[in-house]
Amino acid sequence: MAIRNIVKEGDPVLTKICRPVEKFDERLAQLLDDMYETMVKGEGVGIAAPQVGILRRIFVIDIGEGKLEFINPKILKTKGRQEGSEGCLSCPGEFGITERPMYVTVTAQNRNGDHFTINAEGLLAKAICHENDHLDGILFKEHIIRKIDPNELK
């Protein structure tokens with residue numbers, strides 16, 4: 001595994017729409033492992049492939065309940081709403097209150113290409129929406145309803 005450089009806001013890669021993954025091989029497994037290690041080192045709860053410079057529809061999340069890998073995800077349904085603080089590894093030091101769905105249903109593939117569906121709520125739903133946005137070139141800042149000072153989070 002290797003720590004990858006995290007692409008920062010202003011890099012055009014973060015504004016592009018990612019392509020689907022077609023090959024489920026050792027290179028994909030290595031990318032997933034590297035992304036997870038990079039996310040943990042950056043103290044994030046999620047990271048998407050464009051954040052490490054790869055324009056593929058992949059993200060990894062760990063909200064403290066174990067690693068989840070999403071390849072070619074599609075959000076099928078959303079319900080409810082939640083407001084809460086949000087930040088991004090690609091926008092260091094910037095935080096805001098965002099509005100996201102409280103519940104999401106998402107389908108995706110795992111590293112072997114097997115399809116799965118997950119129902120998520122709360123923080124996991126927020127993280128899925130945040131990372132999925134990266135795959136379409138959208139940063140969390142487009143969802144901010146109120147900026148917050150990082151000291152408010154301490």
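**Exercise 1. Decide whether E43 is buried or exposed, and find its place in the chain.**

Solution. Start with the relative accessible area: for E43 it is 74%. Exposed means over 50%, so E43 is exposed. This value, like every other here, comes from a predicted model. Next, look along the chain: E43 lies in the loop between α1 and β1. Finally, check the backbone: phi of E43 is near 60°, a positive value in a residue other than glycine.

**Exercise 2. Carry out the same check on N72: what is its phi, where does it lie, and is it buried or exposed?**

Solution. Phi of N72 is near 55°, and this positive value again belongs to a residue other than glycine. The place of N72 is in strand β3. Its relative accessible area is 14%. Since buried means under 20%, N72 counts as buried.

**Exercise 3. Work out the strand order of the open sheet, and say which strands stand at its edges.**

Solution. Begin with the order: the five strands run β1-β2-β3-β6-β7, with antiparallel pairing. Now look at the two ends of that list. β1 (46-48) and β7 have a single partner strand each, so one side of each is left without a neighbour in the sheet. Then consider the twist: on average, neighbouring strands of this sheet are turned by 35° against each other, direction ignored.

It helps to zoom in on one pairing. β1 and β2 pair in the antiparallel sense over three bridges. For I47, the bridge partner in β2 is V60.

**Exercise 4. Find which strands each of the helices α1 and α2 meets.**

Solution. Take helix α1 (residues 26-41) to begin with. Helix α1 packs on the sheet and touches β1, β2 and β3. The direction of α1 makes about 45° with that of β2. Now turn to helix α2 (residues 122-134), which lies across β1, β2, β3, β6 (103-109) and β7. Helix α2 runs at about 125° to β7.

**Exercise 5. Count the aromatic pairs, classify each one, and say where the rings sit.**

Solution. The count comes to two aromatic pairs. One is formed by F59 and F70, with 4.7 Å centre to centre and 25° between the planes. Planes under 30 degrees apart count as stacked, so this pair is stacked. The F59–F70 pair links distant parts of the chain: F59 is in strand β2 (residues 58-61) and F70 in strand β3 (residues 68-79), eleven residues apart. Is each of these two rings' residues buried or exposed? F59 is buried, with a relative accessible area of 0%, and F70 is buried, also with a value of 0%.

The other pair joins F70 and F116: their ring centres are 5.7 Å apart and their planes at 55°, so the pair is tilted. This pair too links distant parts of the chain, with F70 in strand β3 and F116 in strand β7 (residues 115-121), 46 residues apart. F116 is partly exposed, with a relative accessible area of 23%. Put together, F59, F70 and F116 form one aromatic cluster.

**Exercise 6. Which rings do K67 and K79 lie over, and at what distance from the ring centre?**

Solution. K67 lies over the face of Y36, at 4.9 Å from the ring centre. For K79, the charged end sits over the ring of Y103, 5.6 Å from its centre. Both distances fit the cut-off, which asks for NZ of Lys within 6 Å of the ring centre.

Technical notes:
Residues numbered from 1 in each chain as written. Predicted model: local features only at pLDDT ≥ 70, side-chain atom pairs only at ≥ 80, totals over all residues. Heavy atoms only, no water. Phe/Tyr/Trp six-rings, centres within 6.5 Å; stacked < 30°, edge-to-face > 60°. Helix = DSSP H or I, 4+ residues; strand = E, 2+ residues; numbered from the N terminus. Buried < 20%, exposed > 50% of the residue type's maximum accessible area, 1.4 Å probe, protein only. Lys NZ or Arg CZ within 6 Å of the ring centre and 35° of its normal. Pairing = 2+ DSSP bridges. Axes fitted to C-alpha atoms, helices over the stretch in contact; angles between N-to-C directions. Contact = heavy atoms within 4.5 Å.
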